[in-house]
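This briefing is meant for someone meeting the structure for the first time, and it looks at charged pairs and at one part of the surface. Please keep the sequence and the model in view while reading.

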Amino acid sequence: MQFGRYFEEFEVGAIYKHWPGKTVTEYDDHLFCLLTMNHHPLHLDAHYAATQTEFKRNVVVGNYIYSLLLGMSVPDVSGKAIANLEVESLRHVAPTFHGDTIYGETTVLDKRESGSKPDRGVVSVETRGYNQDGTLVCIFKRKVMVPKRPEAAPE
């Protein structure tokens, strides 16, 4: 089973559909909020969400959805990464609720060889997350430094 890709294996325009999806539970959301000290009642207080918000229910904290999608992409994109260089953009397009299932896919946007180290390159990708209804909920672009395929050992 392959885990990540070498620089040569990325093709601009390729789309990697990440599997499996993940159903987000109330526990997942609350644990993430508490671990990261995000105590906003929109995420933790069902009564507050029902009476004080437009959605009338808890909304899953966006950084959990981003983190989930980033993790889903590791086997296909950054499993061999030397470094995650930057997140260029991150947008939460629609809310996610407890019980929603998130699916992800990543498109290779660009790739270039490193200007300073010949054994690696930089790959630019865009990851999109959808719920079970196909609604886009999160999208982000990032750059990942990955190694080139090792040369065959001399015989």
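Lysine 143 is partly exposed in this predicted model, because its relative accessible area of 24% lies between the limits of under 20% for buried and over 50% for exposed. Its side chain meets that of glutamate 86 in a salt bridge, with 3.9 Å from N to O. This pair links distant parts of the chain, as glutamate 86 belongs to strand β2 (residues 83-92) and lysine 143 to strand β5 (residues 136-147), 57 residues apart. Glutamate 86 also counts as partly exposed, at 39% relative accessibility.

**Other salt bridges**

- A search of the whole structure finds nine salt bridges, and side chains of opposite charge can pair in this way when their charged atoms come close.
- Glutamate 126 and arginine 128 form a salt bridge in which the closest N and O atoms are 3.1 Å apart, and both of these residues are buried.
- Through salt bridges that share partners, Lys17, Glu105, Glu126 and Arg128 are joined into one network.
- Lysine 22 is paired with aspartate 28 in a salt bridge whose closest N and O atoms are 2.6 Å apart; lysine 22 is partly exposed at 27% relative accessibility, whereas aspartate 28 is buried, with a relative accessible area of 16%.

**A nonpolar patch on the surface**

- Tyr27, Leu31 and Leu35 together make a nonpolar surface patch of about 360 Å².
- Tyrosine 27 is located in helix α1, which covers residues 26-35, and this tyrosine is exposed, with a relative accessible area of 59%.

Methods: Residues numbered from 1 in each chain as written. Predicted model: local features only at pLDDT ≥ 70, side-chain atom pairs only at ≥ 80, totals over all residues. Heavy atoms only, no water. Patch = residues over 30% accessible without salt bridge, like charges linked within 9 Å, V, L, I, M, F, W, Y side chains within 5 Å. Areas by Shrake-Rupley, 256 points an atom, 1.4 Å probe, with all protein chains shown as cover. Salt bridge = Lys/Arg side-chain N within 4 Å of Asp/Glu carboxyl O. Helix = DSSP H or I, 4+ residues; strand = E, 2+ residues; numbered from the N terminus. Buried < 20%, exposed > 50% of the residue type's maximum accessible area, 1.4 Å probe, protein only.
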